[in-house]
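Let's take a friendly walk through a protein fold, one piece at a time. Have the 3D view ready to turn as you read.

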Amino acid sequence: MAAITYKNATCIYEGSDKLAVDSLNLDIQDGEFIVLVGPSGSGKSTALRMLAGLEDIDEGAIEIGGKDMTGVPSKDRDIAMVFQNYALYPNKTVAENMGFALKLRGVPADERRRKVEDAAKILDLTEFLDRKPGKLSGGQRQRVAMGRAIVREPQVFCMDEPLSNLDAKLRVQTRTQIAALQRRLGTTTVYVTHDQVEAMTMGDRVAVLRFGKLQQFASPNELYDRPANAFVAGFIGSPAMNLVDLPVADNGVKIGDSVLEIDRADVAKISEAGLSEVTFGIRPEQLEISSDGGGVEVVVDLVEDLGSEAYVYTHAGSGVELVARCNPRTAPKLADTVRLRKNPEGAVHLFNPKTGERLN
């Protein structure tokens with residue numbers, strides 16, 4: 001087990017004029033499960049490959065267990081990689097696949113078998129040890145790839161979108177197993193995904209990247225409740241946070257001819273920043289349909305009924321689009337005109353429309 005530190009770690013690909021990873025700083029504690037998340041091209045996989053020794057560090061450093069890994073070959077870093085592609089040998093059994101790296105190291109057959117059987121027990125693969133990969137499901141093959149990493153007993157697990165090839169139901173099931181497995185083994189894990197739901201449900205902390213730059217590194221709850229900027233606010237959460245640029249009124253923000261009231265402290269923050277317009281954010285579950293005539297008048301464009309809850313997609317007369325959560329049993333109908341207001345307990349997020357940085 002080992003702590004990991006990225007110190008201004010930078011990578012630029014040959015022939016490119018843009019940094020793939022730009023001065024990344026992360027302090028990852030021993031035994032922590034960290035998720036790197038971001039859209040395509042954000043640098044998350046490159047950051048993982050730098051840790052694994054598969055990409056060069058052009059500036060800065062990465063330390064594993066306090067040791068600088070600059071120039072250290074991948075094979076000498078004591079890490080195990082799990083890829084999106086299972087990369088199993090089709091002509092070898094599950095047991096042979098899982099123990100192959102140990103065989104190359106010259107580990108005796110008895111010890112190899114013991115480690116493979118122990119890993120198989122953890123992963124619920126014992127009955128499949130004598131099968132070939134072609135006789136396994138996608139989820140079982142991914143668990144074999146996990147087992148191959150576990151038997152090596154590395155300091156660090158590096159996982160690069162390992163669930164992308166699985167169907168939706170199996171992906172949910174397998175991510176639960178991976179998270180539980182990591183807690184049991186206590187091995188420091190860096191996990192890459194583009195799926196923010198996966199990131200929020202698995203990670204102790206989550207690093208959000210965009211264009212190679214770290215946007216925020218925090219617990220899932222903190223990312224959701226206090227996003228550092230408008231990008232994180234819009235990226236984390238499903239459905240996404242409502243984010244609209246609105247003119248400022250005396251006691252709130254204007255949507256068309258209506259005013260959505262916000263706390264005085266938040267109005268003061270906008271005033272201190274000298275802004276006449278602000279990027280206003282509110283999550284769908286913190287908006288509610290008003291029955292007393294208050295709030296903002298909107299027209300219903302779509303009702304997404306999920307059984308236990310419903311999301312109402314609307315637009316106001318000014319072209320502002322808002323999504324609100326409601327009870328599916330009392331949800332409005334398509335083209336209905338309703339009024340939306342902030343839930344009394346709802347949190348408002350305010351961002352500078354030029355920089356995207358958080359104001360409140």
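In this predicted model, the strands β11, β14 and β20 form an open sheet in that order, with antiparallel pairing. At the edges stand β11 (242-247) and β20 (349-351); each has a single partner strand, so one side of each is left without a neighbour in the sheet. On average, neighbouring strands of this sheet are turned by 30 degrees against each other, direction ignored. Look now at β14, which covers residues 277-282 and pairs with β20 in the antiparallel sense over three bridges. One place to find on screen is G281, whose bridge partner in β20 is H349. As background, strands of a sheet pair through backbone hydrogen bonds, either parallel or antiparallel.

**A sheet of four strands**

Another open sheet has four strands in the order β2-β1-β4-β5, again with antiparallel pairing. Its edge strands are β2 (21-28) and β5, each of which pairs on one side only. Strand β1 (residues 4-11) is joined to β4 (residues 59-64) by five bridges. Strand β4 is also joined to β5 (residues 67-68), by two bridges. The table lists some residues that face each other in this sheet.

| Residue | Opposite residue | Strand of the opposite residue |
|---|---|---|
| Y6 | I62 | β4 |
| I4 | I64 | β4 |
| I64 | K67 | β5 |

Notice that I64 appears twice: I64 is the partner of I4, and I64 also has K67 in β5 as a bridge partner. The hairpin of β4 and β5 has two residues between the strands, and in this hairpin G65 takes a positive phi near 60 degrees. A helix belongs in this picture too: α1 (residues 44-52) lies across β1, β2 and β4, and runs at about 115 degrees to β1.

**A helix with a buried face**

Next, find helix α5, residues 168-185. Its 18 residues reach 26 Å from the first C-alpha to the last, close to the 26 Å expected at 1.5 Å a residue. Which residues of α5 are buried? They are T174, R175, I178, A179, L181 and Q182. If you look down the axis of α5, the buried residues fall within an arc of 160 degrees, so they line one face of the helix. A general rule helps in reading such a pattern: an α-helix has 3.6 residues a turn, so residues three or four places apart point the same way.

What do the buried residues of α5 pack against? Their neighbours are the strands β3 (33-37), β7 (156-160) and β8 (188-193), together with the helices α3 (109-123), α4 (138-150) and α6 (196-202). On the face of α5 turned away from the buried side, you will find the exposed residues K169 and R184.

**Backbone details worth a look**

Some backbone angles deserve a stop on our walk. A87 has a phi near 55 degrees, a positive value in a residue other than glycine. A87 lies in the loop between β6 (79-82) and α2 (94-104). With a relative accessible area of 46%, A87 is partly exposed.

E161 also has a positive phi, of about 45 degrees, although E161 is not a glycine. You can find E161 in the loop between β7 and α5. Is E161 buried or exposed? Its relative accessibility is 13%, so E161 counts as buried, the cut-off being under 20%.

Then there is a peptide bond to inspect: the one from S238 to P239 is cis, with omega near -5 degrees. P239 is found in the loop between α8 (230-235) and β11, and β11 is one of the edge strands of the three-stranded sheet where we began.

**Stepping back to the chain**

Now zoom out. The chain has nine helices and 20 strands, and its C-alpha atoms fill a box of roughly 75 × 50 × 35 Å along the principal axes. Of its 360 residues, 49% count as buried. Among contacts with a separation of 6 or more, 66% come from residues 24 or more positions apart.

The unreviewed UniProt entry lists residues 4-236 as "domain: ABC transporter". In the model, this span is 36% helix and 24% strand, and its end C-alpha atoms lie 25 Å apart.

Technical notes:
Residues numbered from 1 in each chain as written. Predicted model: local features only at pLDDT ≥ 70, side-chain atom pairs only at ≥ 80, totals over all residues. Heavy atoms only, no water. Pairing = 2+ DSSP bridges. UniProt positions renumbered as here; feature names shortened; annotations may be inferred. Axes fitted to C-alpha atoms, helices over the stretch in contact; angles between N-to-C directions. Expected span 1.5 Å × (residues − 1). Buried < 20%, exposed > 50% of the residue type's maximum accessible area, 1.4 Å probe, protein only. Arc of directions from axis to C-beta. Contact = heavy atoms within 4.5 Å.
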